[in-house]
Amino acid sequence: MAVELKTIQHLCELSKLNYDEAGLEKVMGEMGDIIDLMDTIKTFDLTYDDTKDNNSISLSEVREDVPQPSFPTEKLLSNAENRDNCYVVPKVVE
Amino acid sequence: MDITRAKIRDLRKALDSKQISAAELCGEYFKNIEAGDGKVQSFITVTKEKALEMAENAQKRIDSGDVSPLTGIPLAIKDNICTDGIKTTCASKMLENFIPPYNATVIEKLNAEGYVLLGKTSMDEFAMGGSTQTSAFAKTKNPYDLERVPGGSSGGSAAAVSASFAPAALGSDTGGSIRQPASFCGVTGIKPTYGRVSRYGLVAFASSLDQIGPICSDARDCAVMLNAICAHDPHDATSSRQPVPDFTEKLGQSVSGMKIAMPKEFYSDDIDDEVKTHVMNAAKTLEAQGAKLVECSIPGLKYAIPAYYLIACAEAASNLSRFDGIKYGFRGEGRTFEELIRDSRSKGFGEEVKRRILLGNYALSSGYYDAYYKKALALKQQIIKEYNAVFDLADVILTPTAPTPAYKIGAQDNDPVKMYLADICTVTVNIASLPGISTTCGYTAEGLPVGMSVIGRRFDEQTILQCADAFEQTFAPTAPAKL
């Protein structure tokens, strides 16, 4: 199934991704083939009731809501550009 | 004897009897890594200095008699498992310089045992792939044939064990990423039941399917590793509270009377003839030991690939939305907030990761959700029911681990559909949250390993370990030539 350009552009919007013109054309072709494969699922005629059927994963009891020691802020921010325990982001306003 | 080809249990004896020190042992593995990993490229980061420090600490424990099964044992760790202070890249430019500020729970458990970290192994980017060729940093080769893929996504871990760069490694498995590379590299890998091992600190791909597990040279070593890493973890809400047994308990027990199911869909014309022959021969070997072979069917297998990819990619699209170039990870350029995020993600992620994010958002987007994502969840329930029906008839299920042996590098490039279809033998185990182990059952005429998978009931890792071990006791593996 061919995927329309506007569908791919919408998906790029949702996914926060950019493609140049050549990249967009390539990914349109690839997504068309992938969606053809996914479409085989449409011949399966069971319906899913997520209020009844979602029994495959049972979440364990959540832990008690007791305050625990946390990470030092400095360590948490060790992978970010940071100054004085704040994120530094690029200037995006005039 | 080359000690780097010894099992964990033999290394334990050698360390405890002072035949070798922990530092000398890890030195032997580093010799192999330095001699051969330039060709195999199984590691992204080698932690030699850290390893020697850990080995010294382990030696103190050994000398004082405070020994656990993995004290002083060198291990390799897949590079999507967080290690405090040591780069964890997920083989992605996005996390090229990411140094976790904490350890994954499995690493804390291994630390408590006194293990020695040899390094972090390569993988498909964010664990998305079956060849380790989507790694941004180390496109791992198969030690049996350097022109072939090692499988994936835990290809670095499997190749490292196969090439005797480590006696064992940790991998992660979302749709076969432990079992398939174990099969391609001629080693043994187990994906535990979902919930058996904590996922805290495992960089998430598809949270309802991901599971950490060991890759070793046999089922007995896998049992030792599982004993060390399995437990309930309050940091992971999906971590199970099921009692954790001693996984070595059933090793060595006869399979006489064990019912082994062989679903016909796993032996179709889509499976390579040599692969089928070796797995069928393994079934006959187990039958000769007293097991009973049971014919059965899992008709839902024909929908397994779309069901798996729709669920996994939907979860991946959500999980990977956290990578925005702001808090950590690769930062691109842009004049606005939106431009900055889009540039960071477009340049930080590789092509396969981007394709899966697009597919995931397609399945979740308005107008498509019911037709794709909800349908995939319905199929998940159907596949679980079909497996339950098989387990009414049998104790374990035997299948090939992959439709083919290791293929040539480049054979599946630019063909994502072909790559996805190659996961047909493994994905249903993740969909149904079951445990599965792959072990070598033969070699092709070209000398490539063929893997078979033993699948068990939820939380019954003991029986699949017993079955794989029973076969391994009859089988003489051929290690790859030393590199």
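Which residue of β11(B) is the bridge partner of B:Ser438? In this predicted model, the partner turns out to be B:Ser453. A word on conventions comes before the rest. Residues are numbered from 1 along each chain as its sequence is written, while chains are lettered from A and ligands numbered from 1 in the order in which they are written. Because the model is predicted, local features need pLDDT of at least 70 and side-chain atom pairs count only at pLDDT 80 or more, whereas totals for chains, interfaces and linings use all residues; side-chain values use heavy atoms, with hydrogens and water left out.

Chain A can be dealt with quickly. Its secondary structure comes to 3 helices and 2 strands, where helices (H or I, at least four residues) and strands (E, at least two) are DSSP runs numbered from the N terminus. Read from the N terminus on, the order is α-α-α-β-β. Of the 94 residues in chain A, 29% are buried, buried meaning under 20% relative accessible area, exposed over 50% and partly exposed in between (1.4 Å probe, protein chains only).

Chain B holds an open sheet of 11 strands with mixed pairing, in the order β1-β3-β2-β4-β6-β5-β10-β11-β9-β7-β8. Two strands pair if DSSP finds at least two bridges between them. At the edges stand β1 (43-46) and β8 (292-296) of chain B, each with a single partner strand, so one side of each has no neighbour in the sheet. From one strand to the next, the twist averages 30 degrees. Helix α5 (residues 155-162) of chain B lies across β1, β2 (74-78), β3 (116-121), β4 (168-173) and β6 (211-216) of chain B, and runs at about 155 degrees to β4(B). Axes here are lines fitted to C-alpha atoms, for helices over the stretch in contact, and angles run from 0 to 180 degrees between N-to-C directions.

Back to β11(B). Strand β10 (residues 436-443) of chain B runs antiparallel to strand β11 (residues 449-456) of chain B, and 7 bridges join them. Besides the serine pair, B:Gly442 has B:Val450 as its bridge partner in β11(B). The hairpin of β10(B) and β11(B) has 5 residues between the strands, and B:Gly447 takes a positive phi near 85 degrees there. Strand β9 (residues 396-400) of chain B also pairs with β11(B) in the antiparallel sense, over 5 bridges; B:Ile397, for its part, is matched with B:Ile455. In a regular strand the side chains alternate between the two faces of the sheet. Both faces of β11(B) are covered, with B:Pro449, B:Gly451, B:Ser453 and B:Ile455 buried on one side and B:Val450, B:Met452, B:Val454 and B:Gly456 buried on the other. That accounts for 8 of its 8 residues.

One residue that meets this strand is B:Ser183, found in helix α6 (residues 179-184) of chain B. B:Ser183 counts as buried, at 4% relative accessibility. Not counting residues up to four places away in sequence, B:Ser183 touches B:Thr401, B:Ser438, B:Pro449, B:Val450 and B:Gly451, contact meaning heavy atoms within 4.5 Å.

Another buried spot is B:Asp210, at 2% relative accessibility, in the loop between β5 (188-191) and β6 of chain B. B:Asp210 and B:Thr174 are 36 residues apart in sequence, yet 4.3 Å apart in space, C-alpha to C-alpha. Leaving aside neighbours within four places in sequence, the contacts of B:Asp210 include B:Asp173, B:Tyr194, B:Arg199 and B:Phe205.

Now for the helices. Helix α2 (residues 22-40) of chain B packs against helix α3 (residues 48-64) of chain B at an angle of about 155 degrees, with the axes 8 Å apart. That makes α2(B) roughly antiparallel to α3(B); angles under 35 degrees count as roughly parallel, over 145 as roughly antiparallel, 65 to 115 as roughly perpendicular and the rest as oblique. Among the residues making the contact are B:Cys26 and B:Phe30 of α2(B) and B:Leu52 and B:Ala55 of α3(B). The contact residues divide into 8 nonpolar, 1 polar and 2 charged. Ala, Val, Leu, Ile, Met, Phe, Trp, Tyr, Cys and Pro count as nonpolar, Asp, Glu, Lys and Arg as charged, and the others, Gly among them, as polar.

Helix α8 (residues 273-288) of chain B and helix α15 (residues 461-472) of chain B cross at roughly 95 degrees, their axes coming within 10 Å. That makes α8(B) roughly perpendicular to α15(B).
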